[in-house]
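Please take the sequence and the model shown here side by side, and follow the description from the overall make-up of the chains to particular sheets and single residues.

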Amino acid sequence: MNRIFKLTALGLMLLVLGGCSATTTIDEYRSSTDLVELKANEQVVVLGRRDAGHYETDGEFIRCVSKRMKGADIGVVPENQFIDAIYPWFEPRTAPKGLPRLKRLMADPSVKGVVDQYALRYLVWLDGSTETLDQGGSISCAIGPGGGGCFGFAQWDKLSVYEAIVWDLQNLQEMGRLRVDSEGTSYLIGAVAPIPLLTPVKNDACTSMGNQLKSFFTAE
Amino acid sequence: MINIKLSKQTMGLPMVLLLIVALSGCSSSASVRLNSEFPTVLAVPKPVSASIVFQEDFSTYIAQPNDKTVIDIGDAQVKLLKNVFAGLFDQVEYVTAKDQINGINSLVITPSVREVQVSTPSENYLNVFEVWIKYSLEIETADGETIDSWFMPAYGKTPDAFMYSKSEAIEEASIIALRDAGAKLMLDFYRIPAIYGWMMEQKILEESP
C-alpha cells in the first residue's frame, strides 16, 4: 500500500513538473550557405537594442547569451565595455539601425580603430523582451494564533521573443538572423506553504539563443 | 492576487518592526545624487575654439521634478559636458562667469537646465522609470552676438522596474539621460543650422576633416 502511494506521489510530481517546461521555437536565416568564419584571435560583441519605447532588451539576457557563447571558446567583448569604448556612437539615440549607417560609422577612423583594437569581427544585435501574457487564480495567506498558511492556486503565462541579427564588421554585411520564441506557464500552489512551480521561460530563450549563436560561428 | 490577513493580537514588537522595515522599502520618495563617471567621447574635435560658461546655478543644479523626488545632477552634468565639449572643439576653456572669458575663443556657450521630469511605473503604466532633462544652450560669438539658443532634450529609462528601489531606478535613468545628452550634443551640434551657417561664414568647414 505504501509503495502504491509513493509511486502515485512520484507520478503526480513528474506530471506537475512536466507541465513547467517551456515550449521553445527557433528560426534561423543565413544570408549564405557558407559557414560563418571566426578566427581564433577574432571576437564578437553582443549588444541589446534599446530604442523601443515600451520595452528594453535587458542587460541580464545579453549577459546570459554572451556567457553561453563564451563557453564555446568564442571571444565575447562585454557589452558595457564596448559601448563605453565607442561612446557615444552606440547609445540608444546614435546606434546604427541598419547597414548604411554602420558603413558610414565604420568610415570614421576613430570608430574603426576601436573595432580593430578589440579585433571585433561580428556584432550581434539582440532585440526582444519577456512579457506576462495571462494570469489567473487566487491565493490567500493568513497568520493566526495557531500558525499560518496559504491556500489557493495561481497561474501565469510568460512569453519570451528575442531576435538576433548578426553583422559582419569586416565586410559590413548582414550574415543572418535568428529568432527564439519561448512560452510557458508557471504555477503557485498554496497548500499551507506556498509551492512555486516556475517555468524558466527567459532562461530557456537564453539557452536556445546562446546555443544557436554558438553553432552559427565556427572557430578555426 | 495575494491577500495577507494579520491577527492584531499575535503581532508583537518584532512583527511591528518587521512591518515597518518592509513598508519603508515601499517608500515613494527619492533623493538621488549622481556621482557617475562618463566615458571619454570618441571623436576628432573640429578646429573651433570655445569658452564654456558653467554658471554656479548650473554646476550645483538640484532638480525637484515633484514633491517626492530630488535629483542632484550638478556635478555629473558638468563632468559629462566637459567631456563632450572636449570632443567637439580643439580649444576649450571652462569658466564660471562670462567676465572670466579670455576673449580669444570664437564661441561662448552657456548651458542651462530648463526642466527635469520623472515618470514612474504607476504614472506611465510601463514597467520602467523615465527621466527627461531639457537643456538650453545659449551660443554666442566672442563679441556677444547671439548665434542660437538651442533646446536640447535628453531621455533615459531603466530597462526594468523590477529589483530596483525608486532611488536606484531614478539614478540609473538619470545617468542614461545624461549619456543621451552627450550623444545628442555630439550628433547634432554641428548640424544646428545657425552653427552650420556660422562655420560656413568663418570658413571653418573647409579646414576641418
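**A walk through the two chains**

In chain A, 74% of the contacts with a separation of 6 or more are between residues 24 or more positions apart. This is a predicted model, and what follows should be read with that in mind. Chain A contains six helices and eight strands, and if one follows the chain from its N terminus, these elements come in the order α-β-β-β-α-β-α-α-α-β-β-β-α-β. Of its 220 residues, 27% count as buried.

Chain B has 209 residues, of which 30% count as buried, and it is made up of seven helices and nine strands. Among the contacts of chain B with a separation of 6 or more, 71% come from residues 24 or more positions apart.

It is convenient to begin with the sheets of chain B. One of them is an open sheet of three strands, in the order β2-β5-β4 of chain B, and its pairing is mixed. Because β2 (30–33) and β4 (62–66) of chain B are the edge strands and each has a single partner strand, one side of each is left without a neighbour in the sheet. From one strand to the next, the twist averages 15°. Strand β2(B) runs parallel to β5 (residues 69–72) of chain B, and the two are joined by four bridges; within this pairing, S31(B) stands opposite V70(B) in β5(B). Lying across β2 and β5 of chain B is helix α5 (residues 166–188) of chain B, which runs at about 40° to β2(B).

A further open sheet in chain B has five strands, arranged in the order β6-β3-β7-β8-β9, again with mixed pairing. Here the edges are formed by β6 (89–95) and β9 (146–157) of chain B, each of which has a single partner strand, so that one side of each is left without a neighbour in the sheet. The twist in this sheet averages 25° from one strand to the next. The edge strand β9(B) is joined to β8 (residues 130–141) of chain B by 11 bridges, and the two run antiparallel; as an example that can be located in the model, E138(B) has S149(B) in β9(B) as its bridge partner. Helix α3 (residues 74–88) of chain B packs on this sheet, where it touches β3 (46–53), β6 and β7 (107–119) of chain B, and its direction makes about 145° with that of β6(B). Helix α6 (residues 193–201) of chain B also packs on the sheet, touching β8 and β9 of chain B, with a direction at about 135° to that of β9(B).

Returning to chain A, some details of the backbone deserve a look. The peptide bond between Y87(A) and P88(A) is cis, with an omega of about 5°, and P88(A) belongs to the loop between α3 (79–85) and α4 (99–106) of chain A.

Which value does phi take in L172(A), a residue other than glycine? It is positive, near 50°, and L172(A) sits in the loop between β6 (147–168) and β7 (173–197) of chain A. This residue counts as partly exposed because 14 other C-beta atoms lie within 10 Å. V192(A), also a residue other than glycine, has a positive phi near 70°, but this residue is found in strand β7 of chain A. With 10 other C-beta atoms within 10 Å, V192(A) is exposed.

Technical notes: Residues numbered from 1 in each chain as written. Chains lettered and ligands numbered in written order. Predicted model: local features only at pLDDT ≥ 70, side-chain atom pairs only at ≥ 80, totals over all residues. Buried ≥ 20, exposed ≤ 12 C-beta atoms within 10 Å, placed from the backbone. Contact = placed C-beta atoms within 7 Å. Pairing = 2+ DSSP bridges. Axes fitted to C-alpha atoms, helices over the stretch in contact; angles between N-to-C directions.
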